[in-house]
Amino acid sequence: MPVIRFVREQRDVECYPGENLREVALREGIELYGLKGRLGNCGGCGQCITCFVEVVEGGAHNALTELTSVELLKLKRRPQTWRLACQALVEKSVMVLTKPQVGLGDREGELIRARSLPLPEGPTAWPEPPAAPQQEDSQEGLTAHEGAASPSTTSDEGGVLPADGR
Ligand code: FES
């Protein structure tokens, strides 16, 4: 699985390839939003422009999906390394700085520290789904309502009638 290194929080979080960056962050209790976003964000629709993250050099190339048309429009006046977390899907391991508009005490020191630790690539595929449980052929124990669907026929009016004509 790709690893998202959240530089500000000093946390590495695994996710499945293609997961939404905002959803992973929220699931893991990472605070994406400043005060404005906490008071009211768009819920991931790409409209409030409050879920900024800065992609920090050191992750895999093309770790996130391409900029969406929403981002191209909304991030015109922002640094090229910024993304909207709600618009970005994680394809490979990546380092991000949440709330890049908010100062980070020792920014350079934190970035050096984050880059100094190896960023695991992780498997890039979803795990195989678990095998389906064996189906029992027997209808024993089922009530008439739960039983297998009875064959049906179509009435002259186009409705569906039970096979027994009732
Ligand atoms: S959550 Fe509103 S733009 Fe991302």
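This report describes a predicted model of one protein chain, from its overall make-up to single residues.

**Overall make-up**

The protein chain has 166 residues, and 24% of them count as buried. Its secondary structure comes to 4 helices and 9 strands. Read from the N terminus, the order of these elements is β-β-β-α-α-β-α-β-β-β-α-β-β. Among contacts between residues at least 6 apart in sequence, 68% join residues at least 24 apart.

The mean pLDDT of the chain is 84, and 78% of the residues reach 70 or more. Residues 144-155 have a pLDDT below 50. In the model this stretch has 14 contacts beyond near neighbours in sequence. Where pLDDT is low, the predicted coordinates should not be read in detail.

**The five-stranded sheet**

An open sheet is formed by 5 strands in the order E2-E1-E7-E4-E5, with mixed pairing. Its edge strands are E2 and E5 (82-84), each of which pairs on one side only. On average, neighbouring strands of the sheet are turned by 35° against each other, direction ignored.

Strands of a sheet pair through backbone hydrogen bonds, either parallel or antiparallel. Strand E1 shows both arrangements: E1 and E2 (residues 11-14) run antiparallel and are joined by 4 bridges, while E1 and E7 run parallel and are joined by 3 bridges. E1 and E2 also form a hairpin, with 4 residues between them. In the turn of this hairpin, Gln 10 has a positive phi of about 55°.

Ile 4 has a bridge partner in each of these two strands. In E2 the partner is Val 13, and in E7 the partner is Val 94. Further along E1, Phe 6 stands opposite Arg 11 in E2.

In a regular strand the side chains alternate between the two faces of the sheet. In E1, Val 3 and Arg 5 point one way, and Ile 4 and Phe 6 point the other way. These four residues of E1 are all buried.

**The nonpolar core**

The largest nonpolar core holds 28 residues. The members that touch the most other members are Ile 4, Leu 21, Ala 85, Val 90, Val 94 and Val 96. Two or more core residues come from each of strand E1 (3-6), helix H1 (21-27), strand E4 (52-56) and strand E7 (94-98). E7 gives the largest share, 4 residues.

Which residues is Ile 4 in contact with, leaving aside its neighbours within four places in sequence? They are Val 13, Cys 15, Val 24, Val 90, Val 94 and Val 96. Two of these contacts, Val 13 and Val 94, are also the bridge partners of Ile 4.

**Single residues in loops and a helix**

Ile 30 lies in the loop between H1 and helix H2 (35-39). Is Ile 30 buried or exposed? Ile 30 counts as buried because 20 C-beta neighbours lie inside 10 Å, and the cut-off for a buried residue is 20 or more. Not counting residues up to four places away in sequence, Ile 30 touches Phe 6, Glu 9, Ala 25 and Thr 98. Ile 30 and Phe 6 are 24 residues apart in sequence, and their C-alpha atoms are 8.3 Å apart.

Ile 112 lies in helix H4 (residues 107-116). Ile 112 counts as exposed, because 10 C-beta neighbours lie inside 10 Å. The C-alpha atoms of Ile 112 and Val 7 are separated by 10.0 Å, although the two residues are 105 residues apart along the chain.

Most residues other than glycine have a negative phi. Asn 62, in the loop between E4 and helix H3 (69-74), has a positive phi near 55°. Lys 99, in the loop between E7 and H4, also has a positive phi, near 45°.

The table gives C-beta neighbour counts for the residues of this section.

| Residue | Other C-beta atoms within 10 Å | Class |
|---|---|---|
| Ile 30 | 20 C-beta atoms | buried |
| Lys 99 | 18 C-beta atoms | partly exposed |
| Asn 62 | 10 C-beta atoms | exposed |
| Ile 112 | 10 C-beta atoms | exposed |

Definitions and conventions. Residues are numbered from 1 along each chain as its sequence is written. This is a predicted model: local features need pLDDT of at least 70, side-chain atom pairs count only at pLDDT 80 or more; totals for chains, interfaces and linings use all residues. A nonpolar core is a set of buried Ala, Val, Leu, Ile, Met, Phe, Trp, Tyr and Cys residues joined through C-beta atoms within 7 Å. A residue is buried if 20 or more other C-beta atoms lie within 10 Å of its own, exposed if 12 or fewer, and partly exposed in between; C-beta atoms are placed from the backbone. Two residues are in contact if their C-beta atoms, placed from the backbone, lie within 7 Å. pLDDT is the predictor's confidence in each residue, from 0 to 100. Two strands pair if DSSP finds at least two bridges between them. Axes are lines fitted to C-alpha atoms, for helices over the stretch in contact, and angles run from 0 to 180 degrees between N-to-C directions.
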